[in-house]
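Good morning, colleagues. Please have the sequence and the structure open in front of you while I speak.

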Amino acid sequence: GSLRRGKETIGDIDILATSEEPEAVHEAFRGADDVTQVIAAGQTKSSVRVRLGEAGDDRWGKDDGATVQVDLRVVPRESWGAALMYFTGSKEHNVRLRERALKKGLTLNEYGLYPLDDDETPPQKRGIAPVASETEQAIYDELSVTWVPPELREDRGELDAPETPRLVEVEDVVSELHAHTTASDGRMKLDELIEGAKARGFHTIAVTDHSRSSVQANGLSIEDLLAQVEAVRAADSRHDGIRVLAGSEVDILVDGSLDYPDEVLEQLDIVVASPHAALTQEPDVANERLLRAIEHPSVRILGHPTGRVIGKREGLPIDIGRIAKAAAANDVALEINAHWMRLDLRDTHVRAAIDAGALIAIDCDVHRPTGFDNLRYGVATARRGWVTPERCINTWDASRLHDWLKR
């Protein structure tokens, strides 16, 4: 379902299984740890409510006692591919597939792809052998469609792609360019952050603590920032196997100016410019604010461009077409902030940015050791926006990335 497709929010969780002992699978599922309620217990489907664990990031609060519905379906092995395709969706994608099947004289359901006839009884109940059913690939092949990654199955032109795009994967990401330490509102000291990045196999970690206007985040004064730059340079020299960049997440002020003077910004290896305040501006004002920041010669990444928090704050109402076009023209990367409560840029914005020729950064906005784990959410959002490794600066090798940063 929407979980496999990488959507930013989901209604429930669907699990699909095959087994020669389906009753035993259903029984084990319904009796699993953290199940708080059994909603349905059938021969092919069981539904339960499961207690959620803590998300591990108290910046956004905890929903103690929250539960989510989880459905289990057990299908015959020969129906696996068809069932996986059907229950993954989206509904709109499945409609397009069924339309293609009809044009080929076939009919598609959750049990398989079958020859089309006039009998109203479902073909699987009549013992009709499917043309394809065991794998999704086999069904796509029979419909003359290239393989469509789950994240793209939203009826946004994916069925017309001449070949399967090579979308970015978690393993492609080899740098983190937006991270915080205890100098501002992070939970790791400088060396802890560096060791955490090294443990992930990254070749580069950028230290980008908050700028002075972010009082709520203990933003650094000019003096503190310059002292940190020296500390980062020293850390870079003593840590082998990784490059440590001295940077800042600089507030984009309400008029689009940046929070530090130019002569300070010029001393940094990287500037991530982000909006944090005045996030209810009118669209024209918000767009001009971000455009001014994009055009600043020191800015390399536009961080979480709308400033939204999912379900809590809508963020700036930006014209992503204008923003992406300007980013492409100024060689500035637009960030997908991978924190699970941000995912900003969102998937539709990412697709627009790719279409406009802009570069993408996927950053975890790391504040604590577990922050690196959010990478998968940023990558899922990137994949939904058709991002390839070539267009994501975090996948570039060290030489290429550092040359780009110095432009």
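Let me begin with Leu 345, which sits in the loop between strand E12 (333–337) and helix H10 (347–355). What is the peptide bond from Asp 344 to Leu 345, cis or trans? That bond is cis, with omega near 15°. Please bear in mind that this is a predicted model.

A cis peptide bond also joins Gly 89 and Ser 90, and there omega is about 0°. Ser 90 belongs to the loop between H2 and H3. A further backbone feature appears at Asp 34, a residue with a positive phi of about 75° although it is not a glycine. Asp 34 is placed in the loop between helix H1 (22–30) and strand E2 (35–41). As general background, most residues other than glycine have a negative phi, and most peptide bonds are trans.

I turn now to internal space. Rolling a probe the size of a water molecule over the atoms shows where empty space is left. How many cavities of 30 Å³ or more does the structure hold? There are 3 cavities of that kind, and the largest contains about 50 Å³ of space. Around the largest cavity we find Ala 82, Met 85, Tyr 86, Asn 94, Arg 98, Leu 108, Asn 109 and Glu 110.

Which elements each supply at least two residues of this lining? They are helix H2 (80–88), helix H3 (91–103) and strand E5 (106–109). H2 gives the largest share, with 3 residues. Sorted by class, the lining of the largest cavity consists of 4 nonpolar, 2 polar and 2 charged residues.

My next topic is helix packing. Two packed helices are described by the angle between their axes and the distance between the axes.

Consider helix H5 (residues 190–199) and helix H6 (residues 222–238), which pack at an angle of about 45° with their axes 11 Å apart. H5 and H6 are therefore oblique to each other. The crossing in which H5 passes H6 is right-handed. On the H5 side, the contact involves Leu 190, Asp 191 and Ile 194, and these meet Ala 231, Val 232, Ala 235 and Arg 238 in H6. The residues of this contact comprise 5 nonpolar, no polar and 2 charged.

The other pair to examine is helix H8 (residues 283–294) with helix H9 (residues 320–330), whose axes come within 10 Å and cross at roughly 10°. Because angles under 35 degrees count as roughly parallel, H8 is roughly parallel to H9. From H8, the residues Asn 287, Glu 288, Leu 290, Leu 291 and Ile 294 meet Arg 322, Ile 323, Ala 326, Ala 327 and Asn 330 in H9. The contact of H8 with H9 divides into 6 nonpolar, 2 polar and 2 charged residues.

To close, I would ask you to return to the loop between H2 and H3, where Ser 90 is located. H2 and H3 each contribute at least two residues to the lining of the largest cavity. Thank you for your attention.

Technical notes: Residues numbered from 1 in each chain as written. Predicted model: local features only at pLDDT ≥ 70, side-chain atom pairs only at ≥ 80, totals over all residues. Heavy atoms only, no water. Axes fitted to C-alpha atoms, helices over the stretch in contact; angles between N-to-C directions. Helix = DSSP H or I, 4+ residues; strand = E, 2+ residues; numbered from the N terminus. Parallel < 35°, antiparallel > 145°, perpendicular 65-115°, else oblique. Contact = heavy atoms within 4.5 Å. Nonpolar A, V, L, I, M, F, W, Y, C, P; charged D, E, K, R; others polar. 1 Å grid on protein atoms, 1.4 Å probe; cavity = no way out; pocket = protein on both sides within 12 Å on 5 of 7 lines; lining within 4 Å. Points joined across faces, edges and corners; volume = space filled by probe spheres on them. Left-handed = near helix turned anticlockwise from the far one by under 90°.
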